[in-house]
Amino acid sequence: MKTILPMVLGLASATFISLAGAAQAAGDEKLAAALPEAVRTAGKLNFTISLAYPPMEYNDAGSTELKGFDIDLAKAIAERLGLTAEFQNVEFPQLIPQVVTGRSDMIITAFSDKVERQTQLDFIDYFKTGNVFYSSIDHQDEIKTEADLCGKTVAVATGTSWVTWAEELGKLICPADKLITVIQIPTQAEHIMQIRQGRAQASVIGLEGLLDLMKQEPGKFYQIGEVGDVNHYGIAFAKANGELRDAVHATLDALKADGTYAQILDRHGLKEAGVEEFKINGATK
C-alpha cells in the first residue's frame, strides 16, 4: 500500500543520503568474500527507498534522519558485510529504473514481490504484509470476526485496492441484504475520526500500519479477524546482479540465525510480520 501515502521527500531525481557512519572494519569476512568485486572496492551498498511510509521508512518533521524497519535492516546488512549503507530517495515510479539502470544496488522500501515485476527484478522476500480490518477497542465485544462486519460501515483509503478487497470479501461472507458498506475517505486519521464519531465501525489498513498504530497508541485499537491477501515485501535487484543478490541473501540468513533480524522487528513492533525463510522470487501472482 506504499503508493497511497504521501512522499514527503518525493523528488524528480534521486536524493542521496549517506547513513550508518563507518561500517564495522572487518564485518563477516566469509560473507564479504561473496560480494561482487566492484561492491567490495566501493566499500558501500547503495539502497533505493521511497519516503515516507512509517514504520518502514520515514523521517520526523524537521529532521533528515532516516528511521524505520527497512532503514535499520539495510544498515545491518551493510554492517555485516563490512560496508557503509547509503540511501537514495526517489519517487515510487522511479524505483525500478533506479536499479535496472545501475544507479542503485537494490530497492528496500516496502516494495511488493509481484510476478510481473520479476521480469525485470529478482526479489528476496523478507517481510510479510497483507490487509487487515481494525477498529477502536470499544467495538471489541460486538465485532470479533470479519462476519461481524456484515451490515456495518467500513472506512477505506480512497482509490486503493483495499476498497475492492473489502467489498469483495463482504459479498463472499455476508447475506445479500446485509453487505459491508464501504466508504472511501483519504487518510487514516479521518478513518479513525469516522469510527470515533460512529459514522463507521471499522477500517482497513496494511498489517505493518496496524502494528505501528497499536504501538503508538497502546490499548486503543485491535485487529478484526485474520490477515487477508497475504503477500511479501522484497529486497529487489536487477536481474544481472545475481552475485550481489546471493551475498545479501546469505547475509539475511546470518542476521536471522544470530537474532539480529528478530531484534529489528521487535524494535519496531513488527514481530508478526517476520518471515520464516527468505525466499527468492517467492511471489506467484
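In this predicted model, methionine 193 is part of helix α6, which spans residues 188-196. Methionine 193 counts as partly exposed because its relative accessibility is 42%. Between methionine 193 and glutamine 94 there are 34 Å in space, C-alpha to C-alpha, and the two residues are 99 apart in sequence.

Alanine 33 belongs to the loop that runs between α1 (29-32) and α2 (37-42). With 55% relative accessibility, alanine 33 counts as exposed, since the cut-off for that class is over 50%. Its C-alpha atom is separated by 23 Å from that of aspartate 125, which is 92 residues away along the chain.

Threonine 260, in helix α9 (residues 260-267), has a relative accessibility of 18% and therefore counts as buried, the limit being under 20%. The three residues discussed so far are set out below.

| Residue | Location | Relative accessibility | Class |
|---|---|---|---|
| Methionine 193 | helix α6 (residues 188-196) | 42% | partly exposed |
| Alanine 33 | loop between α1 (29-32) and α2 (37-42) | 55% | exposed |
| Threonine 260 | helix α9 (residues 260-267) | 18% | buried |

Beyond its neighbours up to four places away in sequence, threonine 260 touches Ala76, Arg80 and Leu255. The buried residues of α9 are Thr260, Tyr261, Ile264 and Leu265. They lie on the same side of α9, because the arc they cover around the axis is only 140°. In an α-helix there are 3.6 residues a turn, so residues three or four places apart point the same way. The buried residues of α9 pack against α3, β5 (121-136) and α8 (242-257). After α9 comes glycine 269, with a positive phi near 70°.

The largest nonpolar core has 46 residues, of which Leu45, Phe69, Leu73 and Tyr126 touch the most other members. Helix α3 (residues 69-80) makes the greatest contribution to this core, giving seven residues. Another core lies apart from it and has 19 residues, including Phe133, Ala157, Trp162 and Ile180. When residues up to four places away in sequence are not counted, phenylalanine 69 touches Pro55, Met56, Tyr126, Phe127, Tyr261, Ile264, Leu265, His268 and Leu270. Phenylalanine 69 also belongs to an aromatic cluster with Tyr126, Phe127, Tyr233, Tyr261 and Phe278.

Across the whole structure, a search finds 11 aromatic pairs. One of them, between phenylalanine 47 and phenylalanine 87, is stacked, with 5.5 Å centre to centre and 25° between the planes. Phenylalanine 47 lies in strand β2 (residues 44-49) and phenylalanine 87 in strand β3 (residues 84-89), so their pairing ties together parts that are 40 residues apart in sequence. Both phenylalanine 47 and phenylalanine 87 are buried.

Strands β2 and β3 pair in the parallel sense over six bridges. Within this pairing, threonine 48 has glutamine 88 of β3 as its bridge partner. From β2 the chain passes through α3 to β3, a β-α-β crossover that is right-handed. Strand β3 is mostly covered, with six of its six residues buried. In a regular strand, side chains alternate between the two faces of the sheet. For β3, Thr84, Glu86 and Gln88 are buried on one side, and Ala85, Phe87 and Asn89 are buried on the other, leaving both faces covered.

Technical notes. Residues numbered from 1 in each chain as written. Predicted model: local features only at pLDDT ≥ 70, side-chain atom pairs only at ≥ 80, totals over all residues. Heavy atoms only, no water. Core = buried A, V, L, I, M, F, W, Y, C linked by side-chain atoms within 4.5 Å. Buried < 20%, exposed > 50% of the residue type's maximum accessible area, 1.4 Å probe, protein only. Helix = DSSP H or I, 4+ residues; strand = E, 2+ residues; numbered from the N terminus. Contact = heavy atoms within 4.5 Å. Arc of directions from axis to C-beta. Phe/Tyr/Trp six-rings, centres within 6.5 Å; stacked < 30°, edge-to-face > 60°. Pairing = 2+ DSSP bridges. Right-handed = clockwise from strand over helix to strand, strands pointing away.
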